[in-house]
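Below are some notes for a colleague who wants to look through the structure point by point. Please read them with the coordinates open beside the text.

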Amino acid sequence: MLTRLYIKFVVAVLQMEETKESSVYKGVAERLTLGITRILENMPGVVDVRFAEREPAEKRSLLSWEQKNTCILPEDLRDFYLTTDGFTLTWNVKLDNECVPLGCMMINSVARLCPLLKPVSLFSLPNAPSLADLDWEESSTGSGLEHAPAVPHFDARSRIFELDSCGGNGKVCLVYKNCTPGVVAQKSEIWFLDRSLCWHFLTATFTSYYRLMITHLGLPEWQYAFTPYGPSPHAKQWASLYQPLTFSYELNLTDPAGDSFINRLDPTKAFKGKSKAPAPKKKQSTQSGSGGIAKSQGNMGRHSGAKR
């Protein structure tokens with residue numbers, strides 16, 4: 001009897017500990033996602049919202065990364081990795097009884113925060129093409145971008161690390177500019193490299209980029225809202241259904257002609273029955289009436305002349 005009571009007591013204690021751990025995890029996940037999971041779950045058609053739980057990164061792995069790449073991680077990114085070693089949140093939509101993957105928010109772990117430019121192999125040809133061949137000096141004054149930040153380079157002047165592969169639609173990168181070989185780089189920015197290998201500035205800090213990623217719900221090609229040409233028509237359709245939680249997104253996602261792609265159809269006006277207005281009666285002017293009388297009198301005169 002005592003043994004059974006003891007077993008029940010142990011089971012109850014374990015269940016309480018599991019409940020406590022799950023509540024603590026939910027609190028951490030809620031703070032990490034800024035409550036976006038609850039917002040997504042309440043959206044129409046959204047199903048299977050998944051947030052991948054990850055352990056915090058160890059301090060020695062961060063120090064090892066900094067020594068290996070001769071860069072100092074920004075303070076906000078370091079705190080992020082000490083909370084969770086990477087970030088993955090995905091959600092699907094239900095279309096015709098089929099779940100379609102749509103949203104994806106991702107930040108690579110420390111182990112996958114790899115340089116974008118691979119070191120040159122000893123076995124490569126001396127004149128083999130590389131991304132450094134794409135660098136050219138372009139004056140910002142000629143293009144009307146006097147206050148635009150300097151574009152990163154693919155050579156040794158910049159150190160570039162991939163934060164998110166964007167599902168093959170580009171790369172979000174942690175960029176250190178104005179680097180000197182052998183000198184530790186400290187100042188970093190967040191840039192977007194599109195599929196045409198053109199750079200687009202996103203934010204100056206990791207915290208600002210993290211908020212952008214959350215507020216744009218991880219929609220496909222949301223980073224292209226910060227490019228001159230914007231997302232593809234397919235991505236614009238999804239953005240019109242699940243409007244991002246930002247004020248400036250609606251102004252950015254417009255075509256060059258200034259026409260917004262967001263559907264502003266008002267069903268009460270579009271499908272309202274139209275009543276046919278009665279045709280207005282034509283009023284004959286006095287001039288036309290006197291002309292008609294004179295014409296009829298002339299015709300009568302001609303007929304009487306013919307009889308004579």
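1. In this predicted model, glutamate 30 touches Gly35, Thr37 and Arg38, when residues up to four places away in sequence are not counted. Glutamate 30 itself belongs to helix α1, which spans residues 2-33, and with a relative accessible area of 28% glutamate 30 is classed as partly exposed.

2. As for the chain as a whole, its secondary structure amounts to nine helices and seven strands. Of the 308 residues in the protein chain, 32% are buried. If one takes the contacts between residues at least 6 apart in sequence, 56% of them join residues at least 24 apart.

3. How do the axes of helix α3 and helix α4 cross? The axes of α3 (residues 59-69) and α4 (residues 75-83) come within 10 Å and cross at roughly 140 degrees, and α3 is therefore described as oblique to α4. The angle stays on the oblique side because the class of roughly antiparallel begins only over 145 degrees. The crossing of α3 and α4 is right-handed, and the residues that make the contact are Lys59, Leu62 and Glu66 on the α3 side, with Arg78, Tyr81 and Leu82 on the α4 side.

4. The aromatic residues deserve a separate look, since the count comes to 16 aromatic pairs. One of these joins phenylalanine 161 and tyrosine 176, whose ring centres are 6.1 Å apart and whose planes stand at 85 degrees, so that the pair is edge-to-face. This pair links distant parts of the chain, with phenylalanine 161 in strand β4 (residues 159-164) and tyrosine 176 in strand β5 (residues 171-176), 15 residues apart. Both phenylalanine 161 and tyrosine 176 are buried.

5. Another edge-to-face pair is formed by tryptophan 191 and phenylalanine 201, with ring centres 5.3 Å apart and planes at 75 degrees. Because tryptophan 191 lies in strand β6 (residues 189-193) and phenylalanine 201 in strand β7 (residues 199-203), the pair ties together parts that are ten residues apart in sequence. The two partners can be set side by side in their accessibility: tryptophan 191 is buried at a relative accessible area of 2%, whereas phenylalanine 201, at 30%, is partly exposed.

6. Which residues form one aromatic cluster? The members are Phe51, Phe80, Tyr81, Phe87, Phe206 and Tyr210. Tyr81 has already appeared among the α4 residues that make the contact with α3, while Phe206 and Tyr210 are among the buried residues of helix α5 (residues 206-215). The full list of buried residues in α5 is Phe206, Tyr209, Tyr210, Leu212, Met213 and Ile214. As background to such a list, an α-helix has 3.6 residues a turn, so residues three or four places apart point the same way.

7. Two backbone positions may merit attention in a review of torsion angles. Most residues other than glycine have a negative phi. Leucine 217, although not a glycine, has a positive phi of about 60 degrees, and this residue comes just after α5, in the loop between α5 and α6 (233-241). Asparagine 97, likewise not a glycine, also has a positive phi of about 60 degrees, and its place is in the loop between β2 (87-95) and β3 (98-107). Is each of these residues classed as buried or exposed? Leucine 217 is buried, with a relative accessible area of 0%, whereas asparagine 97 is exposed, with a relative accessible area of 73%.

8. Finally, on the cysteines, the structure holds zero disulfides. Cysteine 71 is in no disulfide, and the nearest cysteine sulfur, which belongs to cysteine 179, is 5.9 Å away; a disulfide would require the two sulfur atoms to be within 2.5 Å. Cysteine 104 is in no disulfide either, the nearest cysteine sulfur being that of cysteine 166, 9.1 Å away. In terms of accessibility, cysteine 71 counts as buried at 0%, whereas cysteine 104 counts as partly exposed at 35%.

Definitions and conventions
Residues are numbered from 1 along each chain as its sequence is written. This is a predicted model: local features need pLDDT of at least 70, side-chain atom pairs count only at pLDDT 80 or more; totals for chains, interfaces and linings use all residues. Side-chain values use heavy atoms; hydrogens and water are left out. Buried means under 20% relative accessible area, exposed over 50%, partly exposed in between (1.4 Å probe, protein chains only). Rings of Phe, Tyr and Trp (its six-membered ring) pair if their centres lie within 6.5 Å; planes under 30 degrees apart count as stacked, over 60 as edge-to-face and the rest as tilted. Helices (H or I, at least four residues) and strands (E, at least two) are DSSP runs, numbered from the N terminus. Axes are lines fitted to C-alpha atoms, for helices over the stretch in contact, and angles run from 0 to 180 degrees between N-to-C directions. Angles under 35 degrees count as roughly parallel, over 145 as roughly antiparallel, 65 to 115 as roughly perpendicular and the rest as oblique. A crossing is left-handed if the near helix is turned anticlockwise from the far one by less than a right angle, and right-handed if clockwise. Contact means heavy atoms within 4.5 Å.
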